[in-house]
Amino acid sequence: MTYVVTEACIKCKYMDCVEVCPVDCFYEGENMLVISPNECIDCGVCEPECPAEAILPDTEDGLEKWIELNSKYAETWPNITIKRESPADADEFQGVEGKLDKFFSEAPGQGD
Ligand code: SF4
Ligand code: F3S
């Protein structure tokens, strides 16, 4: 089992999650983070930290594509353990639907 970052993170990227992870298994893309399913120890402490409620346990239904996306980009994006400032317009993207199609970027973030 693992926890998974989902669509709600895209363009919000608050980064509260990275500070609480005991195994530092978050990876940073240009406009979202992912969790490495190979490293996540399933502790669950990151889930309530996310203001966008983007982090879910993989036991929830319908998360297959997100599990795949987290797994794929955790291989190439840089590790992030330190919270930086979230995007200035992050709040405008909370709860917006269709963010994967409209805004997802494969570009890596800057990492630590
Ligand atoms: Fe890290 Fe725990 Fe969240 Fe997994 S569930 S990403 S180990 S804080
Ligand atoms: Fe994304 Fe939530 Fe973390 S918006 S960066 S999963 S705190």
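Does Ile 41 count as buried or exposed, and at what relative accessibility? In this predicted model, Ile 41 has a relative accessibility of 53% and therefore counts as exposed, since the cut-off for that class is over 50%. Ile 41 has its place in the loop between strand 3 and strand 4, the latter spanning residues 55–57. Leaving out residues up to four places away in sequence, Ile 41 touches Pro 22 and Val 23. Its C-alpha atom is separated by 31 Å from that of Lys 102, a residue 61 places away along the chain.

From this exposed residue one can turn to the interior. The largest nonpolar core has 34 residues, and those touching the most other members are Phe 26, Met 32, Val 34, Ile 35, Ile 55 and Trp 66. Two or more residues of this core come from each of strand 1 (3–5), helix 1 (16–20), strand 2 (26–28), strand 3 (33–35) and helix 2 (64–74), and helix 2 gives the most, with four residues. In soluble globular proteins, nonpolar side chains tend to be buried together. Met 32 shows which parts of the chain meet around one core member: setting aside neighbours within four places in sequence, Met 32 is in contact with Val 5, Thr 6, Cys 9, Ile 10, Lys 13, Tyr 27, Trp 66, Leu 69, Trp 77 and Phe 104.

Helix 2 is also the place of Lys 65, which is exposed because its relative accessible area is 52%, over the 50% cut-off. The C-alpha atoms of Lys 65 and Glu 7 are 58 residues apart along the chain, yet they are separated by 10 Å.

Charged residues can also be found on the inside of this model, and Glu 28, placed in strand 2, is one of them: its relative accessible area is 1%, so it counts as buried, under the 20% cut-off. Beyond residues up to four places away in sequence, the contacts of Glu 28 are Lys 13, Leu 33, Trp 77, Pro 78, Ile 80, Arg 84, Pro 108, Gly 109, Gln 110 and Gly 111.

Lys 13, one of these contacts of Glu 28, lies in the loop between strand 1 and helix 1 and is itself buried, with a relative accessible area of 8%. Most residues other than glycine have a negative phi. Lys 13, which is not a glycine, has a positive phi of about 40 degrees. Glu 53 likewise has a positive phi, near 55 degrees, in a residue other than glycine; Glu 53 lies in the loop between strand 3 and strand 4 and, at 65% relative accessibility, counts as exposed.

Lys 13 leads on to the ligands. The residues around ligand 2 are Cys 9, Lys 13, Tyr 14, Met 15, Asp 16, Cys 17, Leu 33, Cys 50, Pro 51 and Ile 55, and by class this shell divides into eight nonpolar, no polar and two charged residues. The space that ligand 2 takes is the largest cavity.

Ligand 1, in turn, sits in the second largest cavity. It is surrounded by 14 residues, of which the closest are Cys 21, Cys 40, Cys 43, Gly 44 and Cys 46. The shell around ligand 1 is made up of 12 nonpolar, one polar and one charged residues.

Technical notes
Residues are numbered from 1 along each chain as its sequence is written. Chains are lettered from A and ligands numbered from 1 in the order in which they are written. This is a predicted model: local features need pLDDT of at least 70, side-chain atom pairs count only at pLDDT 80 or more; totals for chains, interfaces and linings use all residues. Side-chain values use heavy atoms; hydrogens and water are left out. A nonpolar core is a set of buried Ala, Val, Leu, Ile, Met, Phe, Trp, Tyr and Cys residues joined through side-chain atoms within 4.5 Å. Buried means under 20% relative accessible area, exposed over 50%, partly exposed in between (1.4 Å probe, protein chains only). Contact means heavy atoms within 4.5 Å. A residue is near a molecule or strand if one of its heavy atoms lies within 4 Å of it. On a 1 Å grid over the protein atoms alone, a cavity is a set of points where a 1.4 Å probe fits but cannot get out, and a pocket is an open set with protein on both sides within 12 Å along at least five of seven lines; lining residues have an atom within 4 Å of a point. A molecule sits in a cavity or pocket if more than half of its atoms lie within 2 Å of its grid points. Ala, Val, Leu, Ile, Met, Phe, Trp, Tyr, Cys and Pro count as nonpolar, Asp, Glu, Lys and Arg as charged, and the others, Gly among them, as polar.
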